[in-house]
Amino acid sequence: MYKNIKLVLTLGAFLISAQFVVAQEEKEDLGTETVTVTKAYTPTVSDAFKIKSLPNLNDSIVLKKKKITYNIFSVPVASTFTPSKGTASKVERIPPPELFNSYASAGLGNYGNTTAKFYTTRELDRDENLDIGFNHNSSRGDIDGVELDNIFSDTKLDASYSKQDRDLSWGAAVGLQHQLYNWYGLPEGVYDETTVNSIDERQNYYMAEVGGHINVEESFFKRADLKYRRFWDAVKSGENRAVLNTALELPLNDEVLGIKAKVDYVGGDFENASVNSTTNDQGIKYSNLQVGINPSLVMLRDDLSLNLGVNIVYGMDLENSESNFYIYPAVTASYRVMDETVIAYGGIEGELRQNSYYDFVEENTYVSPTLSIAPTDSQYNAYIGLKGQLLPNLSYNIKGSYTAENNSPLFTLNPQNNFRDDEKGYYYGNSFDVFYDDIKTIGVFGELNVDVNRNFTLGVNAAVYDYNTETDNPAWNLPNLTGSLFMDYQIGEKWYAGANLFYVGERDDFSSVAEVGVTPSEFPATMITLDGYFDANAHVGYRVDNQLSIFVKAANIANNNYQRWANYPVQGFQILAGATYKFNF
């Protein structure tokens, strides 16, 4: 059948082709005809025939699907399986360190060196705390080659109370201090044994202070603090110091206007006249009052911090009925040049710095109780520097400065005054006076700090200074070069160690002899150049447990018999051992 159909189709196609050829061969003239269009052509689109996605098939060979019926037979099955309950895995927690509110420390060493410390903080209430601290250091002296007694002792007791409310915090503090020192720095080979044995070289200093503060949150008024200190000695010298500080902050759009105010009074008297005087017929009195205000505008931008301010001070010498008005710059700025890598900073600041007998004793305990106390006019301190992080564990700081100060205090040796017979022996060329001079100083400072890891830190710094004085004298007892190196190392969980090394360059001083009817500048004098010195110190400790640790400290490891002040040699190699115990009290 399939073959017959194929044959019929072939014959049909042949006949059609033959007819088409004949039609082409017969060329008839069809002529012309005119066609007139009476209606515009309007085509339409008929609906297309859509092929069904599942067409119906009428072919007899298509098989019909047979319907399948499923029958499920449920058969109960007994089961004894009981699933276990899941448990969440726990994160291993490191126990917090055990904290204690008190500690006590004590140590003993050669030269009769003794140290004792105690501190406790008590939580009286949820927002009330009481802190008490005690610190004692003493030595029996025994410095080789020193003829006079050279023991010393420094004992201080502090207590403070603080209360924290929701909107403000306030507190009060009290402090007591006693210091014992000796004017043991006699010039070598000047006095005979009889004279040396007659000298009463002991000096005692006493200090008592009280203070209070208040800090306010969410207010224009930010803080106020008041401190009063009484300082006196064993030679009937006495000093009173009272300081009041307040601060306000006023927001101005994106800036902050800050206003600081200060009232600073110091006054006292010395029973005896200056050692430069061959007669001791009149004591020394002083009384200085300062009232100052410091407005400043703080501007913070993305990488720039700028503080534009001025320091206005009215200073009064109440003892001599003199007063002066001072205006100082107070401008500081910092700019992040490269994120935390390079930060440029600078400023120019000035102040009327209040000097006091207490501050001079803290800096040089061998001063005589016959000082002239006056403020220092620090006209400006201009500085510029760079600081930042060179590496994640390496930071640096480089600074250059230029300062100008009028009436800057310098320590100089008192003359040997053989005309005096004061109660205490500080007029044998073995004590220090304060000499005021106008000084301009150029300084360069550099510092590097390295955190090798969490347990090891290392730092080094150095400073170079160049002084220019109004009197053309050296800047007495000020070094041109200083430097220091420090290290702290945590060795495992139990051991720790540390060390520091510092260097102080050469300093200049002079010794003189008092004469009757001659001004101090004309006393016979001899220049003294104190050698620069290194001092190396180290400590090592072991933590027995969370409460008890033992330590060993060493000082002046190189055993250098250097002089910090003229005629005052220090102790040689020193070693001290002790223990620290922490507890709850």
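Start with one glycine pair: glycine 107 sits opposite glycine 578 in E26. Keep in mind as you look that this is a predicted model. The pair belongs to an antiparallel match in which eight bridges join strand E1, residues 102-109, to strand E26, residues 574-583. Now look at what else E26 pairs with. Strand E23, residues 548-555, is joined to E26 by eight bridges, and these two also run antiparallel. Here the residue standing opposite glycine 578 is phenylalanine 551. So glycine 578 in E26 has glycine 107 opposite it and phenylalanine 551 opposite it too, a handy landmark.

Step back to the whole chain. DSSP gives three helices and 26 strands. Of the 585 residues, 33% are buried. The chain exposes about 37600 Å², and carbon and sulfur atoms supply 56% of that. As for how the chain meets itself, take the contacts with a separation of 6 or more: 59% of them are between residues 24 or more positions apart.

Next, the inside. In soluble globular proteins, nonpolar side chains tend to be buried together. In this model the largest nonpolar core has 40 residues, and those with the most contacts inside it are Tyr357, Tyr366, Val367 and Leu371. Where do the core residues come from? At least two each are supplied by strand E6 (202-216), strand E9 (255-270), strand E10 (284-300), helix H3 (357-363), strand E15 (394-413), strand E16 (432-453) and strand E21 (525-530). The largest share, four residues, comes from H3. To see one of these core residues up close, pick leucine 371. Leaving aside residues up to four places away in sequence, leucine 371 touches Phe270, Ile284, Tyr357, Phe360, Phe432, Asp433 and Val434.

Charged side chains come next, and there are 14 salt bridges to look through. Try lysine 163 and aspartate 127, whose closest N and O atoms are 3.5 Å apart. This pair links distant parts of the chain: lysine 163 is in strand E4 (residues 152-164), while aspartate 127 is in the loop between strand E2 (114-125) and strand E3 (128-139), 36 residues apart. Is lysine 163 buried or exposed? It counts as buried because its relative accessibility is 19%, which is under the 20% cut-off. Its partner aspartate 127, at 24%, is partly exposed.

Another salt bridge to find is the one between aspartate 264 and arginine 241, at 2.8 Å from N to O. Aspartate 264 lies in strand E9 and arginine 241 in strand E8, so the pair ties together parts that are 23 residues apart in sequence. Aspartate 264 and arginine 241 are both buried. The pair is also part of something wider, since Arg241, Lys262, Asp264 and Asp359 are linked in a network of salt bridges. Then there is arginine 420 with aspartate 422, a salt bridge at 2.8 Å, N to O. These two residues are buried as well.

Now for the outside. Leu390, Leu391, Leu448, Leu458, Val460, Leu485, Leu501 and Phe534 make a nonpolar surface patch of about 650 Å². Strand E14 (376-391) and strand E17 (456-469) are the elements that give two or more residues to the patch. Leucine 485 is one of the patch residues, and it lies in strand E18, residues 481-491. How accessible is leucine 485? Its relative accessibility is 36%, so leucine 485 counts as partly exposed.

Finish with two backbone oddities. Glutamate 218 has a phi near 55 degrees, a positive value in a residue other than glycine. Glutamate 218 is placed in the loop between E6 and strand E7 (221-233). With a relative accessible area of 78%, glutamate 218 is exposed. Lysine 236 is not a glycine either, yet its phi is positive at about 65 degrees. You'll find lysine 236 in the loop between E7 and strand E8 (238-252). Because its relative accessibility is 59%, lysine 236 counts as exposed.

Key: Residues are numbered from 1 along each chain as its sequence is written. This is a predicted model: local features need pLDDT of at least 70, side-chain atom pairs count only at pLDDT 80 or more; totals for chains, interfaces and linings use all residues. Side-chain values use heavy atoms; hydrogens and water are left out. A nonpolar core is a set of buried Ala, Val, Leu, Ile, Met, Phe, Trp, Tyr and Cys residues joined through side-chain atoms within 4.5 Å. Buried means under 20% relative accessible area, exposed over 50%, partly exposed in between (1.4 Å probe, protein chains only). Contact means heavy atoms within 4.5 Å. Patches are made of residues with over 30% relative accessible area and no salt bridge: like charges are joined within 9 Å, nonpolar side chains (Val, Leu, Ile, Met, Phe, Trp, Tyr) within 5 Å. Accessible areas come from the Shrake-Rupley method with a 1.4 Å probe; for residues, only the protein chains shown count as cover. A salt bridge is a side-chain nitrogen of Lys or Arg within 4 Å of a carboxyl oxygen of Asp or Glu. Two strands pair if DSSP finds at least two bridges between them.
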